[in-house]
Amino acid sequence: MEGKRIALIVLLLVSLQASAQFGQSRQVTFRAHATLAPGFLLGEGEGVVSVVGDAEYFLSNRTSWRADGAYYLLSFGDETFNMNHGLYSGLCFRPSLRNFAPYVGFQPGVHLTQLKARESLVAPPVSVVPVVSGITGFHFFFLSFLHISAGVRVLHGTAYYFGSHPVTEMRAWLGLGWQITTARRKFDD
Amino acid sequence: MRVALITSLLLGTSLSSFAQFRFDPHLRGILSVGLRNTVSTFHNAGATQPGLGVGGHFRLNFNSRVNTEWHADYITAAINHAGKRNVYHIGWSVMYYPIYKTVQKFTAAKPYFMIGHCFDLVQVVQSSDNRVVAKRWSAAPTVGIGNHFPIKDRIDFSFALQYMLHVGKGLEARAVNGSVAIEERNGFLWDGHVLLTMSVNYKLKKLWKEKG
């Protein structure tokens with residue numbers, strides 16, 4: 001009983017400490033992150049897994065230029081695609097750059113897509129598919145060089161090979177990233 | 001007829017706003033970079049549904065009223081089950097901001113008219129052998145309207161609606177028994193489509209300073 005009470009108090013103190021850190025402002029110049037990301041192909045009704053990575057340069061405390069890549073690994077369904085890698089680039093916005101920093105972003109991009117060969121032995125061609133994508137999520141900067149990165153991407157595009165094959169996907173990730181801060185920032189809000 | 005109406009409407013509004021033309025010289029020379037998605041509604045060459053594209057552009061302000069946009073796009077669309085149509089655009093537009101107070105201040109919206117030109121390469125790709133079965137170069141004047149939605153001083157979202165009128169050799173593609181049948185027409189063809197573009201833009205720097 002006593003042990004439980006002590007554990008509760010410790011948990012409360014840690015939570016309070018953590019929440020106090022949430023609001024502390026933060027200076028970051030560059031950050032990057034890579035992890036595994038489960039996703040769901042909304043058009044094909046198929047679960048997929050990709051390796052995702054991103055690199056982000058902070059133009060100001062609130063805005064950043066971000067480039068993302070996704071390497072398609074495997075499918076839990078009918079394996080519509082043999083290859084479905086993605087590259088995206090665009091801007092992200094956040095209310096302010098604090099330890100806990102939620103963001104939204106708009107990133108046009110392309111997918112390198114190859115459908116799985118079905119009836120024919122000839123491999124379908126690799127095609128470049130334009131996609132529109134939006135992201136949202138948060139970063140939690142808990143050390144001077146480490147942060148937690150979590151987010152969701154929704155993307156839409158269509159590959160054409162004997163009909164339309166949407167690459168439309170919702171993808172989520174959670175992982176560890178690193179950041180650096182230079183002494184002088186070029187731009188500020 | 002439709003094009004003539006839109007053009008005369010745009011021209012009339014622009015001329016009336018020219019009568020009270022003022023500009024802020026400090027806004028000239030600003031270079032921006034942007035990434036964009038384009039939805040294209042085709043009415044020709046066999047595309048059976050709107051195409052989606054990706055691209056980018058630079059913008060350079062000549063003064064606070066006049067901006068220019070230099071863009072490149074890659075757009076794909078289906079030709080039934082038989083193939084696809086790849087479109088490459090490279091071109092430029094001149095944008096004119098008719099409402100001075102939106103130019104001068106940071107406002108929620110900044111509408112503009114735009115008129116421009118682009119070169120267009122269409123490739124018709126057959127699915128059965130992934131072969132380019134036809135291609136066509138054409139030139140295309142564009143006219144449209146748009147709006148910037150500023151997020152911060154340096155950043156904006158922009159939406160633009162343009163009508164693109166192709167002038168070049170006719171090229172029709174149809175799906176026949178799972179293959180693409182091509183019909184090329186001699187002489188010039190006038191055909192158009194509507195482009196809806198959304199972009200995110202960042203003002204990089206001011207390229208030249210004012211004298212004095």
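**Legends to close-up views of chains A and B**

Chain A contains 1 helix and 11 strands. The coordinates shown in every view are those of a predicted model.

**View 1. The order of secondary structure elements in chain A.** Along the sequence, the elements of chain A appear in the pattern α-β-β-β-β-β-β-β-β-β-β-β. Chain A has 189 residues, of which 35% count as buried. Among contacts in chain A with a separation of 6 or more, 58% join residues 24 or more positions apart.

**View 2. The surroundings of Phe58(A).** Phe58(A) lies in strand β2 of chain A, which covers residues 46-58. Is Phe58(A) buried or exposed? Phe58(A) is classed as buried because 24 other C-beta atoms lie within 10 Å, where the cut-off for a buried residue is 20 or more. Apart from residues up to four places away in sequence, Phe58(A) touches Val28(A), Thr29(A) and Ser64(A). Ile180(A) is 122 residues from Phe58(A) along the chain, and the C-alpha atoms of these two residues are separated by 11 Å.

**View 3. The side of chain B that touches chain A.** Contacts between the chains involve 19 residues of chain B and 23 residues of chain A. On the side of chain B that touches chain A, two or more residues are given by each of β1 (30-41), β2 (51-61), β3 (66-79) and β8 (179-206) of chain B. The element that gives the most is β3(B), with 4 residues. By class, this side of chain B consists of 10 nonpolar, 6 polar and 3 charged residues.

**View 4. The largest nonpolar core.** In soluble globular proteins, nonpolar side chains tend to be buried together. The largest nonpolar core in this model has 32 residues. Which residues have the most contacts inside this core? They are Val131(A) and Ala159(A) from chain A, together with Ile79(B), Val124(B), Ala173(B) and Val180(B) from chain B. Strand β3(B) supplies the largest share of the core, 4 residues.

**View 5. The contacts of Val131(A), and a second core.** Val131(A) is one of the residues with the most contacts inside the largest nonpolar core. With neighbours within four places in sequence left aside, Val131(A) is in contact with Gly86(A), Gly109(A), Val110(A), His111(A), Leu155(A), His156(A), Gly157(A) and Val167(A), and also with Val54(B) of chain B. A second core, separate from the largest one, has 14 residues, including Val28(A), Tyr103(A), Phe106(A) and Phe141(A). Val28(A) also appears in View 2, where it is among the residues that Phe58(A) touches.

How values were computed. Residues numbered from 1 in each chain as written. Chains lettered and ligands numbered in written order. Predicted model: local features only at pLDDT ≥ 70, side-chain atom pairs only at ≥ 80, totals over all residues. Buried ≥ 20, exposed ≤ 12 C-beta atoms within 10 Å, placed from the backbone. Contact = placed C-beta atoms within 7 Å. Nonpolar A, V, L, I, M, F, W, Y, C, P; charged D, E, K, R; others polar. Core = buried A, V, L, I, M, F, W, Y, C linked by C-beta atoms within 7 Å.
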